[in-house]
Amino acid sequence: RRLVAGAAPPRAAALTLVKAACRLVATVAADKQARRAVPDACDLAANHLGPLAKDPNLAADLLPSLLELCRRLLVDQWAAFTVRDTSTGKRGLRDARAAAHLDAILDLLAFAVRGHDLTALCVRRAAAALRDAHAAHRLFDLDAVHAKWRPVLASHVVDALFDQRHGLLREDLAAALYDLAEPHFDAFFHSFLPAKLASSLTFLSDQQRFEVLNHFAKATDPPSFAVAVRDAVADAHHLRRQNEGTNQRRDVA
């Protein structure tokens, strides 16, 4: 049957394509000597599979496999993206093509970790990919990632936490946010977080947003940070329910 130009491919064909890509990358990631194949695998994932996986009609089927593919690329083939500067000892991006591929992968992970209209599995795999890559290679400390992607990813994780679409994933998301905040806690608590809550918690008054921020404990160890996140989310939604109750009573009156 002839496909209509511009139409999305049939679900079965798309799933077959993703499975083939996953097998390819599994082979590449398992063999450290196969680094030369990584750019082609990234092209396939970013330029062909990524747009399909963002389609609302295909995301639930395609995204989980693609996110696992991204995780393995970042964790197992980090040397395909970065190279160590022998004079400074710091790692930087290998070249422009590697930078483009890393951007495409992080764009997909940012889309998924936000969790808007996505399944819990998609959000969990995106958070796991980010956390595993940071644990293995200090992903968020890479200069290019720190400058461009750290604020974006942190913003999306905060959105996912406070809109409570995926409340059961709070611990996964809080752990990802901790990695993004550390080791720049001063900037996180005193610059990023006030601005983010002001723009995100639009269902609260200015005074209520100040209360949530003021009660957000400036914890710098993972367990205490997770508790601070839990309490801040609970405070925000307690205040929201109070506001909704007040508005309902006004409507009745």
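These are my notes on one helix pair and on several salt bridges in a predicted model.

**Entry 1: α4 and α7**

I began with helix α4, residues 96-114, and helix α7, residues 150-163. Their axes come within 8 Å and cross at roughly 15 degrees. Angles under 35 degrees count as roughly parallel, so I put α4 down as roughly parallel to α7. I noted the crossing of α4 past α7 as left-handed.

Next I listed the residues in contact. On the α4 side I found L106, A110, V113 and R114. On the α7 side they are V152, L153, H156, V157, D159, A160 and D163. Sorted by class, this contact has seven nonpolar residues, one polar residue and three charged residues.

**Entry 2: R114 and D163**

Two residues from that contact list, R114 in α4 and D163 in α7, turned up again in my salt-bridge search. Their side chains meet in a salt bridge, with N to O at 2.8 Å. The pair links distant parts of the chain, since R114 in helix α4 and D163 in helix α7 are 49 residues apart. I checked exposure for both. R114 has 22% relative accessibility and therefore counts as partly exposed. D163 is partly exposed as well, with a relative accessible area of 26%.

I then asked which residues are linked with R114 and D163 in a network of salt bridges. They are D159 and K196.

**Entry 3: D132 and R71**

I looked up how many salt bridges the whole structure has, and the search finds 17. One that I followed up is between the side chains of D132 and R71, at 3.4 Å from N to O. D132 lies in helix α5 (residues 120-137) and R71 in helix α3 (residues 59-76), so the pair ties together parts that are 61 residues apart in sequence. For D132 I have a relative accessible area of 32%, which means partly exposed. R71, at 22% relative accessibility, also counts as partly exposed.

**Entry 4: K90 and D143**

Last, I looked at the salt bridge that K90 forms with D143, where the closest N and O atoms are 3.2 Å apart. K90 sits in the loop between β1 (82-84) and β2 (91-93). D143 belongs to helix α6, residues 143-148. I recorded the two as 53 residues apart, a link between distant parts of the chain. Are they buried, exposed or partly exposed? K90 counts as partly exposed at 44% relative accessibility, and D143 counts as partly exposed at 47%.

Technical notes:
Residues are numbered from 1 along each chain as its sequence is written. This is a predicted model: local features need pLDDT of at least 70, side-chain atom pairs count only at pLDDT 80 or more; totals for chains, interfaces and linings use all residues. Side-chain values use heavy atoms; hydrogens and water are left out. Axes are lines fitted to C-alpha atoms, for helices over the stretch in contact, and angles run from 0 to 180 degrees between N-to-C directions. Helices (H or I, at least four residues) and strands (E, at least two) are DSSP runs, numbered from the N terminus. Angles under 35 degrees count as roughly parallel, over 145 as roughly antiparallel, 65 to 115 as roughly perpendicular and the rest as oblique. A crossing is left-handed if the near helix is turned anticlockwise from the far one by less than a right angle, and right-handed if clockwise. Contact means heavy atoms within 4.5 Å. Ala, Val, Leu, Ile, Met, Phe, Trp, Tyr, Cys and Pro count as nonpolar, Asp, Glu, Lys and Arg as charged, and the others, Gly among them, as polar. A salt bridge is a side-chain nitrogen of Lys or Arg within 4 Å of a carboxyl oxygen of Asp or Glu. Buried means under 20% relative accessible area, exposed over 50%, partly exposed in between (1.4 Å probe, protein chains only).
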